[in-house]
Amino acid sequence: MIEVYIGEEKKKIDHSKVKKVYIQGICGTAMSGVAKILLDDGKEVFGADNNFYSPIKEMLQSLKIDLIKGLKPENLERKPELVIVGNIMPKNHPESIAVREKRIPYTSFPELFKNYYLKNKVPIVVAGTNGKTTTTSLLAHCLNYLKEKPSFFVGGIPLNFEVNAKLDGGKYFVLEGDEYETAYFEKTPKFWHFYPSISIITSINYDHIDFFKSYDDYLEAFIKFIEKNKDQERIFLCKDNCKDLLKKLKKREFSTYGFEKGSKGWISKIIKQNINGTAFELKIEKEKYLIEIPMIGLQNIKNFAAVFLVLKNLNFLPEKIIDAFKEFKGVKRRQEILFKNDDFILIDDFAHHPEAVYITLKGLKENLKGFKLLAIFEPRTNTSRTQFFQKKYSKSFEFADSIIILPPPPIKEGYKPLDLQKLSKSLKKSGKEVLAGVNSEEIIDYIRKTLKPKTAIVTLSNGPMDDLPQKILKLFL
């Protein structure tokens, strides 16, 4: 049985008898994953969205899901037995009103998971501002490599699977835990619904200012998430990146990891690092482990350390875990190398929070010796498109040699938009070459005219960027 709304009332229905499910906002990374879980459960699935972007569009098409352009009441004429409401849907949207008036059962996907798909599973939830998608993907891959047949749900597409979710027969269910809003009728963070047996918190940096009105509110969301863990001894926190959270919870004991000495999983030494990967030493109690990974950057080293610590805690053999690491292919749009030769490198990345932009560019600059770094950034999230991070973004591009900034989308009422002129001026003061407020055609023209050998281009956005990475790729093919 699952809890749903019918009209404005809460009711219970037998989900095992539901055959036809409609998903609102199906091209979102989360909602597309919900579609895949439902398909694996034998449901007939269709969905709608206002736009369909790569790479989710291609994934949905490969799954042969019926996709409708535009969210509108007519979509309900297909008579779904259940509607999964995405958090893009406001209460007063004509389609939301029609769902209630037609008394079609509706719910959010976190509630559906809590009440149904996580039952009789061991939920492992990866949360945090930055790094959670890669960490979730890696953990799912490792458990699969270790023959555990895990179910998983990721806010990106792991390249080892080519889909962002799967319902499988093993006992583990690995989920990316998003702290953002659940739905218009459930104004709580999504990850509060998952009640993990094991959890990882990768980092804490204030984000989602439209949902969390203060940094304390943001921290409180993670504190409540921790309280919902079934086993308080199986909470793994990055000591480097969660200092404010650990201060708030100073009376509690957690399994910590990171570069700070005193962490249970202490990254004591980076042995080598280049564009092809990293080798580092991890100390756990009196044991030392040499770990080789096919990724670069401090955040990724910490992500792998977290997964190693969790899997060792679950009694998997260290040598088998290390073998699994070597087979990890990464995640689409997470430091994804689209093109590489001796003179040019093109990398597509999801970084958008100022801290993530800084860490990503720092890692690339340190490991791409002899290359100039051109960063192309789109401030697209509800927070990044405002002036809230105005000063922080002026420092985020320290390791880029030149920067292109796309214009942000319209902002929500009550917020001031990111001032591109001011940001551009600030970056130029630090000696950067900056192009701001330009569209994809102008960017392609600029690259075509100015590109020189030994240049690495990295695109940074949580959105499709008008297919800009693919358009740049065509310049090299």
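This is a short dialogue on reading strands, a sheet and its helices in a predicted model.

User: Where should I start with a hairpin, and which strands form one with 2 residues between them?

Analyst: Start with two strands and the stretch that links them. Here strand 12 and strand 13 form a hairpin, with 2 residues between them. Strand 12 covers residues 181-183, and strand 13 covers residues 186-189. The two run antiparallel and are joined by 2 bridges.

User: Which residue stands opposite Glu 181?

Analyst: Pro 189, in strand 13.

User: Now the sheet of 6 strands. In what order do they come?

Analyst: Read across the sheet, not along the chain. The order is 20-21-25-22-23-24. The sheet is open, and its pairing is mixed. Strand 20 (336-340) and strand 24 (433-436) stand at the edges. Each has a single partner strand, so one side of each is left without a neighbour in the sheet. From one strand to the next, the twist averages 15°.

User: How many bridges join strand 23 to strand 24?

Analyst: There are 4, and these strands run parallel. Strand 23 spans residues 402-405. Take Ile 403 as an example: its bridge partner in strand 24 is Val 434.

User: Where do side chains point in a strand?

Analyst: In a regular strand they alternate between the two faces of the sheet.

User: Which strands does helix 10 lie across?

Analyst: Helix 10 (residues 354-367) lies across strand 21 (344-349), strand 22 (372-377) and strand 25 (455-460). Its angle to strand 22 is about 155°.

User: And which does helix 14 lie across?

Analyst: Helix 14 (residues 468-476) lies across strand 20, strand 21, strand 22 and strand 25. It runs at about 165° to strand 21.

Notes:
Residues are numbered from 1 along each chain as its sequence is written. This is a predicted model: local features need pLDDT of at least 70, side-chain atom pairs count only at pLDDT 80 or more; totals for chains, interfaces and linings use all residues. Side-chain values use heavy atoms; hydrogens and water are left out. Two strands pair if DSSP finds at least two bridges between them. Axes are lines fitted to C-alpha atoms, for helices over the stretch in contact, and angles run from 0 to 180 degrees between N-to-C directions. Contact means heavy atoms within 4.5 Å.
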